[in-house]
Amino acid sequence: MIRVQEEDFDIGAEVAAIRRGRTDIGAIVTFTGTVRDVAGGEPISAMTLEHYPGMTEVELARVEGNALARWPLQASLIIHRYGRLEPGDNIVLVVTASPHRQAAFEAAAFLMDYLKTSAPFWKKEETATGEARWVDARESDDTALKRWRRTKRAAE
Amino acid sequence: MTLKIRYFAWVREQTGRAEEDLVVPEEVASVGDLIAWLTTRGPEFEAAFARPEVVRAALDHVHVAPDAALAGAREVAFFPPVTGG
């Protein structure tokens, strides 16, 4: 399931909703991305996330579909926030559920690696002095993706 | 051909607009052609596309490369590399 929203999310409530009424799940992994108070050694007072309504939902659903095709997941959830966020605020939640832990761990990492490089979100950071700047894409995020391509080839 | 063109993040700030409907000449066949044509519209577009290698594009909500054909597309978006998550 995919949700793109301005409001905060409650991790406990989201996990409870996934578990409700079922006892076949053996492993649940949650990943939460939050706003740091420092970027590039400089204090950050806020961050604004812009996104592309319409495409964001398409990309997140595509990434989730790829994970569901690759691992035996019983449930998956991606919630991504947009708008103005402050240090300590939640940005993104990924939840995966599976009979065994390995699939849940791997699928959660896969979802994060792919959404970071394909979902149309852009972060703008504000420093304490009121200066605002767009965050640059990281090469390490592209490197993180390559391991899934290697893993896939090795498995084929 | 009429296209809805959308701009995001610093591409939006540099062009000074979030979206517009444009009638594009027939000879503008690919995303790359559209970028070249847009840059002739003024200094704000020249600035936005000054480093074409860092501007990404999507056609009807799907990521595409600069050689992607515009035929049949309704919406084109230009934006920097994504930084969500």
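Buried area is the accessible area, taken with a 1.4 Å probe, that two parts lose on being put together, summed over both. By that reckoning chain A and chain B bury about 1,800 Å² between them, and carbon and sulfur atoms give 59% of this. On the chain A side, A:Tyr52, A:Trp122 and A:Trp134 lose the most area to chain B, together 36% of what that side buries.

Some housekeeping before we go on. This is a predicted model, in which local features need pLDDT of at least 70 and side-chain atom pairs count only at pLDDT 80 or more, while totals for chains, interfaces and linings use all residues. Residues are numbered from 1 along each chain as its sequence is written, chains are lettered from A and ligands numbered from 1 in the order in which they are written, and side-chain values use heavy atoms, with hydrogens and water left out.

## The interface

Taking contact as heavy atoms within 4.5 Å, chain A brings 26 residues to the meeting and chain B brings 19 residues. There are 12 residue pairs in polar contact across the interface of chain A and chain B, with both residues at pLDDT 80 or more. A polar contact here is a pair of N or O atoms within 3.5 Å; within protein, one must be able to donate a hydrogen and the other to accept it, and residues adjacent in sequence count only if both atoms are side-chain atoms.

Which parts of chain A touch chain B? At least two residues each come from β4 (42-51), α2 (55-70), β7 (90-98), α3 (101-118) and β8 (121-127) of chain A. Of these, α3(A) gives the largest share, 5 residues. Helices (H or I, at least four residues) and strands (E, at least two) are DSSP runs, numbered from the N terminus.

By class, the side of chain A that touches chain B holds 15 nonpolar, 5 polar and 6 charged residues. In this sorting, Ala, Val, Leu, Ile, Met, Phe, Trp, Tyr, Cys and Pro are nonpolar, Asp, Glu, Lys and Arg are charged, and the others, Gly among them, are polar.

Charge pairs cross the boundary too: the count between chain A and chain B is 2 salt bridges, a salt bridge being a side-chain nitrogen of Lys or Arg within 4 Å of a carboxyl oxygen of Asp or Glu. B:Arg12 and A:Glu50 meet in a salt bridge through their side chains, at 2.5 Å from N to O.

## Chain A as a fold

Chain A has 4 helices and 9 strands, which run β-α-β-β-β-α-β-β-β-α-β-β-α from the N terminus on. Its C-alpha trace spans about 50 × 35 × 30 Å along the principal axes. The radius of gyration of chain A, taken over C-alpha atoms, is 16 Å, which agrees with the value near 15 Å for a compact globule of 156 residues; the globule rule is 2.2 Å times the number of residues to the power 0.38.

Buried residues make up 44% of the 156 residues in chain A, where buried means under 20% relative accessible area, exposed over 50%, and partly exposed in between (1.4 Å probe, protein chains only). Among the contacts in chain A with a separation of 6 or more, 76% join residues 24 or more positions apart.

## Salt bridges within the chains

Over all chains the count comes to 18 salt bridges. Three within single chains are set out here.

| Salt bridge | Closest N and O atoms |
|---|---|
| A:Asp8 and A:Arg81 | 3.6 Å |
| A:Arg22 and A:Asp24 | 2.9 Å |
| B:Arg41 and B:Glu20 | 3.0 Å |

A:Asp8 lies in the loop between β1 (2-5) and α1 (11-19) of chain A and A:Arg81 in strand β5 (residues 75-81), so their salt bridge ties together parts that are 73 residues apart in sequence. A:Asp8 is partly exposed at 45% relative accessible area, whereas A:Arg81 is buried at 8%.

In chain B, B:Arg41 sits in the loop between α2 (31-38) and α3 (43-48) and B:Glu20 in strand β2 (residues 19-23), 21 residues apart. B:Arg41 is partly exposed at 31%, and B:Glu20 is buried at 12%.

## Two backbone angles in chain B

Most residues other than glycine have a negative phi. B:Ala9, in helix α1 (residues 9-15) of chain B, has a positive phi near 55° and is buried at 1% relative accessibility. B:His61 has a positive phi near 75°; B:His61 lies in the loop between β3 (56-59) and β4 (62-64) of chain B and is partly exposed at 22%.
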